Structures are given as C-alpha cells and as structure tokens.
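Welcome, and thanks for taking a look at this one. Below is a short tour of its cysteines, its open and enclosed spaces, and a couple of individual residues.

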Amino acid sequence: MAPVPKPGVLDIDIYVPGRSKAEGATRVHKLSSNESPFGPSANAVAAYDAAKAQLGIYPEGTAQILRDAIASHFGLAADRIICGNGSDEILTLLANCYVRPGEEVIFAAHSFSLYKIATLANSGVPVEIPAPALQFDVDAAIARITARTRLVYIANPNNPTANYTAASELRRLHQALPDSAVLVIDAAYAEYVRRNDYEAGIELVGTSANVVMTRTFSKVYGLAGIRVGWAYCPKAIAGALNRVRAPFNVNIAAQKAAVAALADHGHVEKSLQHNEFWRARLIEEIRAAGYRVDDSVANFILIHFPKIPGRSSADADRFLMSRGIILRSCASYALPQCLRLTVGTEEANLAAIAALQKFANAA
C-alpha cells in the first residue's frame, strides 16, 4: 500500500497562480497577479545585491533586523512581530498551531483560497460564509461561530472583490468570538486603502489576546519575487508561531531588501499615487464600455461579464490574451463570469482599456 495522507489533504485543490504568458502575442502585459507596476525600490534592489557577501552564512534566526525596522516604522513592539516567507506562510502556521482535526475555520466565499487549504491540511472543517453581495457578511459569520471555531480569516481588503470591511464591523466580529478562537486579519492590501472607517488591524491586535494581523512586502513594496511577509500578534501567539515556523525562514537578502523598501517612502508614495489615478480611470473607462466594475480600494478591479455566448468572461479572456493582455480568471474564486485586472503601467492600462472597448464593440 502507498502512504495515505491525513484526512483533508487530498480534498485540497492545488493553487494555480496567475498566468504570465500569452502565446503568439508580441507584447505582453501581465495584469493577473496584483504585482506593483513599478517593481521594487532601487534602494531595495541595491540592498539585495549587497547581501551577496553574506550568502554563505545563516542569517540571524528571528529576522531581527527586519522585525526591528517594522517595529520602528509602525510604532510596534518587535517581540510581537513574526516574519515569514510571504504572509502565506504565517497564515498557514496559524492553522498549524491552532486547528485540530474536526475543528472549524470560518472564512468568506470569494476570498483567498489559502484559508481553505490551510484548514484542510490540518484536517479541519472549512466553514465558508456565503457572500451574495460580494461583501464579508459579519452577521452570517457570527451566526456560524461555535465552540469548535478556532480561526476566523478575513481578508481586508478582500481579493478578488477589492472591497473592505469597516473597522467597526471587525470589532463587532471580534466581540462575538470566544477566547479560544483567533481572528486573523489578512491586510495584504492595506497600504492602498484611503477610507476613514478602515483600520488594518494594528489597534485591534494591540488591545486583544486573540487577534492577529498579517501584512506583506509583495504588493506596494514590489517584492513579490522574494517572498517576505509579517504579522503583528499577541505575545502568546507570537511565541506559538516561533515554535513551529522553520528556522531561518526569511533569507538574509530578502530581509535586507525589505528593510530598504520600508524606508523608501518616495517609492511607496509614487506607487500609491499612480494606483489612485489609474484605478479610478480604469473603473470609469471600463464601465463606460458597458461592463459592471465593482468599486475598489486595492490595486486591482473586478470586471463582470454576462453569461452570454460571445460576450462571456471566457470569450473576453481569449480576446484579451490574443492581444497579450493577461487578466486573472476568477473561476477558482467561484466567480466564473469575472476577470480581475491589476492596475499596471500606463501603457498596460491603456492597452487593457482599448482591448476591452474593442471586445465590447465586437460582441
């Protein structure tokens, strides 16, 4: 007999990342992975290159230089910060620490697939909350909380819907949780949000024993390729995560690049201004072409297509791909008639607008 994985593992759908190739296209615009159109800061690249002198030795085991930089930047205690190989690692470690076989994990429909993956990998029970309005339904989540609930994952803003949950609603959700459950706020896109009623989660973590906020350097900082994330936790949760994370889980070059990226305020501000302008223009132009586009607070937008032959999302996807414009299919998010478009460079954004207008006219 072959070895048998533990219950739940073979129920996992393998994660499929955004595509990066468009066969036959002479010019490709990859708008499928929510990457920064500017890439990393030149200072971050220089710091990464300078780390080559240290490639032959192990880094300090707790990512101390990066934790100290994050702590200074955000005004946090370094001993409550955990760094990871992307925030994905930390989201997974939380399930590894706190989910036992048969225990429940709550998350919304149309949200990051890792939440379900981490649950099933620990033989947990995924509790998916319907989101008919494509918004996290706090009342529905509260109604599903039981004595078996161990984690509640909430992406804020959410990917791929690009909307957010107000701080008051997060607090209401937290108040409904038993002390034995952890609220996990996945704030990967927090830097892009400019709304008065939004909080990334720092305040709630600072006053609670069972809330964790995760963040990433993959988005606005443009460091997706070297996988750096972090979390702000209560001390007890940080202690548990430190026991299960892999030793030296963030390499020295990634740490140095992330520290430099965090300090380059000009690069971040340029990225945010570009995103504000082009997100609004993309929404306006694509709506004018006749498509439903939801409001967005992130660096991507969600485009809805009718379920009509010749006009569907699959038809649009083929049309765009033939012109070298790669968007993200949202079928794996249970949104089969939607495509997600990342805010790209000016050239890429204009090309996407023009192609969608042509597709609308042709259809």
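## Briefing on the predicted model

Searching the whole structure turns up zero disulfides. C83 is in no disulfide, and the nearest cysteine sulfur, in C233, is 10 Å away. Please keep in mind that this is a predicted model. The search also finds three cavities of 30 Å³ or more, and the notes below take in pockets as well.

**Cysteines**

- C83 counts as buried because its relative accessibility is 5%, under the 20% limit.
- For C330, the closest cysteine sulfur belongs to C338 and sits 5.9 Å away, which is too far for a bond, since a disulfide needs the two sulfur atoms within 2.5 Å.
- C330 is buried too, with a relative accessible area of 0%.

**Largest pocket**

- The volume of the largest pocket is about 580 Å³.
- Its lining has 29 residues, and those nearest the centre of the pocket are Y15, D88, F112, K219 and R227.
- Helices contribute here: α3 (87-98) and α4 (114-121) each give at least two residues to the lining of the largest pocket.
- Sorted by class, the lining of the largest pocket holds 13 nonpolar, nine polar and seven charged residues.

**Second largest pocket**

- The second largest pocket has a volume of about 490 Å³.
- It is lined by 25 residues, with D13, S111, S113, S332 and Y333 nearest its centre.
- At least two lining residues of the second largest pocket come from each of β3 (104-108), α4 and β12 (328-329).
- Helix α4 provides the largest share of this second lining, three residues, and α4 also supplies at least two residues to the lining of the largest pocket.
- The class split for the second largest pocket is 14 nonpolar, five polar and six charged residues.

**Cavities**

- The largest cavity has a volume of about 130 Å³.
- Of the 18 residues lining the largest cavity, A108, Q135, F136, A155 and N158 are closest to its centre.
- Strand β5 (residues 149-155) gives the largest share of the lining of the largest cavity, three residues.
- In the lining of the largest cavity there are ten nonpolar and eight polar residues, with no charged ones.
- The second largest cavity comes in at about 60 Å³.
- The lining of the second largest cavity is made up of E35, S36, P37, F38, Y192, S271, H274, N275, N299 and V343.
- That lining divides into four nonpolar residues, five polar and one charged.

**Around H304**

- H304 is part of strand β10 (residues 300-304).
- With a relative accessible area of 14%, H304 is buried, as this value is under 20%.
- A polar contact of 2.9 Å joins the side chains of H304 and D294.
- Setting aside neighbours within four places in sequence, H304 is in contact with L134, Y291, R292, D294, Q337 and C338.
- D294 therefore appears in the contact list of H304 as well as being its polar partner, while C338 in that list also holds the cysteine sulfur closest to that of C330.

**Around G225**

- You will find G225 in the loop between β7 (211-216) and β8 (229-232).
- G225 counts as exposed because its relative accessibility is 76%, over the 50% limit.
- Although G225 and G86 are 139 residues apart along the chain, 9.7 Å separates their C-alpha atoms.

Technical notes. Residues numbered from 1 in each chain as written. Predicted model: local features only at pLDDT ≥ 70, side-chain atom pairs only at ≥ 80, totals over all residues. Heavy atoms only, no water. Buried < 20%, exposed > 50% of the residue type's maximum accessible area, 1.4 Å probe, protein only. 1 Å grid on protein atoms, 1.4 Å probe; cavity = no way out; pocket = protein on both sides within 12 Å on 5 of 7 lines; lining within 4 Å. Points joined across faces, edges and corners; volume = space filled by probe spheres on them. Helix = DSSP H or I, 4+ residues; strand = E, 2+ residues; numbered from the N terminus. Nonpolar A, V, L, I, M, F, W, Y, C, P; charged D, E, K, R; others polar. Polar contact = N/O pair within 3.5 Å; in protein donor to acceptor, adjacent residues only side chain to side chain. Contact = heavy atoms within 4.5 Å.
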